[in-house]
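Let's take a walk through a protein fold together. Have a look at the sequence and the 3D view first, then read on.

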Amino acid sequence: MILVTGGAGFIGANFVLNWLKACDEPVINLDKLTYAGNKDNLASLAADDRHIFVQGDIGDQVLVAKLLATHKPRAVLNFAAESHVDRSIHGPAAFVETNIVGTFRLLESVRQYWNALPSEEQGRFRFLHVSTDEVYGSLEADAPAFSETHQYAPNSPYSASKASSDHLVRAYHHTYGIPVLTTNCSNNYGPYQFPEKLIPLVIANALAGKNLPIYGDGKNIRDWLYVGDHCSAIQRVLAVGEVGETYNVGGKNEMANIDIVHIICDLLNAIRPRADGKSYREQITFVKDRPGHDRRYAIDARKIEAELDWRPAETFETGIRKTVEWYLANQQWVGRVMSGDYRDWISQNYSER
Ligand code: NAD
């Protein structure tokens, strides 16, 4: 049994679905169901006894203690977070509350649980914290990619809150001996991503005939990793990662935002051409830059590759094609998420277990 937090969100849901495809070890899925949490993502597990969904907050120590005592998971994987940089600029409080205070409370619950385990189970237990490359701040164009020893320099309330949580996780290992692992991954893309993030937003807006908004000059660079590859990296770290270590996870796919949008437009031009025969590129609009927008992130993933023998299965070319095809095939999902109707659908069609 493993306990996953935030498993109704983008990466968490992909992780749970992939996990239960690959093995029979049950999953307790604790998710608060914020705007970003969507049980529609888990609809294929509605009748699957290996998946126990619990709506709740990682900061609810009574609830988490009860879940730990009842199910005795061998690992806790913390995906739960407020994750959108733009939202953190407009309303940082929720980021402090969940990403910092929530992670702290979760760690406290885990500490109490772990202290009470027999010593051989203490040794087997893992707390895996899912984090981001944004904690390292912005890179100059010619600077080497972020390695695990790169100094933390978070620039947004989102990345600062994630950096704080990383430090707490580290401290719980050094101070209390909790067997922790941390992953810092680059930008993910793929199925079930909420359409406020660049790639699903561009696909959804393109199909809806809306503008494709690009910040500033569009030359901000990110490393992009297909979500299934992030999930396989987390599984690998959980299985064979060294306790107390952090692992950077990336796809060696540094791309400027404008190039990503061009690629999506060209894929859509080929797969689902506009009725008027024009290119989707005509919908691109440059908008005022995000305040404090980091220029470049790049991940040096040599440690996880060399020490844990992990490699991504997708190239950007194959991953982005899969993603565009998934969004085209799942227009109902997109429509429900964007209209908010999915919340009604959940209450009518999906009972808590
Ligand atoms: P997401 O916003 O899609 O999902 C977050 C999930 O956490 C949602 O289901 C939400 O309901 C849940 N949640 C939020 N607050 C909660 C709380 N207090 N208690 C319980 N559940 C709560 O985010 P995502 O993109 O899937 O990211 C998952 C994790 O991976 C985050 O920790 C994020 O920082 C990290 N990460 C994301 C990316 C990326 O590109 N998306 C890259 C690297 C790391």
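What follows covers the overall chain, its two sheets, two helix pairs and the ligand's surroundings.

## Before we start

What you're looking at is a predicted model, where local features need pLDDT of at least 70, side-chain atom pairs count only at pLDDT 80 or more, and totals for chains, interfaces and linings use all residues. Residues are counted from 1 along each chain, as its sequence is written.

UniProt, in an unreviewed entry, lists residues 3-323 as "domain: NAD(P)-binding". Its positions follow the numbering used here, with feature names shortened, and such annotations may be inferred rather than shown by experiment. Over that stretch the chain is 41% helix and 17% strand, and the end C-alpha atoms sit 27 Å apart. Helices (H or I, at least four residues) and strands (E, at least two) are DSSP runs, numbered from the N terminus.

## The seven-stranded sheet

Here's a bit of background: strands of a sheet pair through backbone hydrogen bonds, either parallel or antiparallel. Two strands count as paired if DSSP finds at least two bridges between them.

Seven strands line up in the order 3-2-1-4-5-6-10 to make an open sheet, and the pairing is parallel. Strand 3 (51-55) and strand 10 (246-249) are at the edges with a single partner strand each, so one side of each has no neighbour in the sheet. From one strand to the next, the twist averages 20°. Zoom in on strand 1 (residues 2-5): it pairs with strand 2 in the parallel sense over four bridges. Thr-5 stands opposite Leu-30 in strand 2.

## The three-stranded sheet

There's also an open sheet of three strands, in the order 7-9-11, with mixed pairing. Which strands stand at its edges? They are strand 7 and strand 11 (254-256), each with a single partner strand, so one side of each is left without a neighbour in the sheet. Direction ignored, neighbouring strands here are turned by 50° against each other on average.

Strand 7 and strand 9 (residues 221-226) run parallel as a pair, over three bridges. Asn-188 stands opposite Leu-225 in strand 9.

## Two helix pairs

Helix 1 and helix 8 (residues 227-240) have axes that come within 9 Å and cross at roughly 65°. Axes are lines fitted to C-alpha atoms, for helices over the stretch in contact, and angles run from 0 to 180 degrees between N-to-C directions. Helix 7 (residues 198-207) and helix 9 (residues 257-271) pack at about 40°, with axes 10 Å apart.

## Around the ligand

The ligand is surrounded by 32 residues, and the closest are Gly-6, Gly-9, Ala-36, Gly-37 and Ala-81. A residue counts as near if its C-beta atom, placed from the backbone, lies within 6 Å of the molecule. Among the elements giving two or more residues to this shell are helix 1 (10-22), strand 2 (27-31) and strand 7 (187-189).
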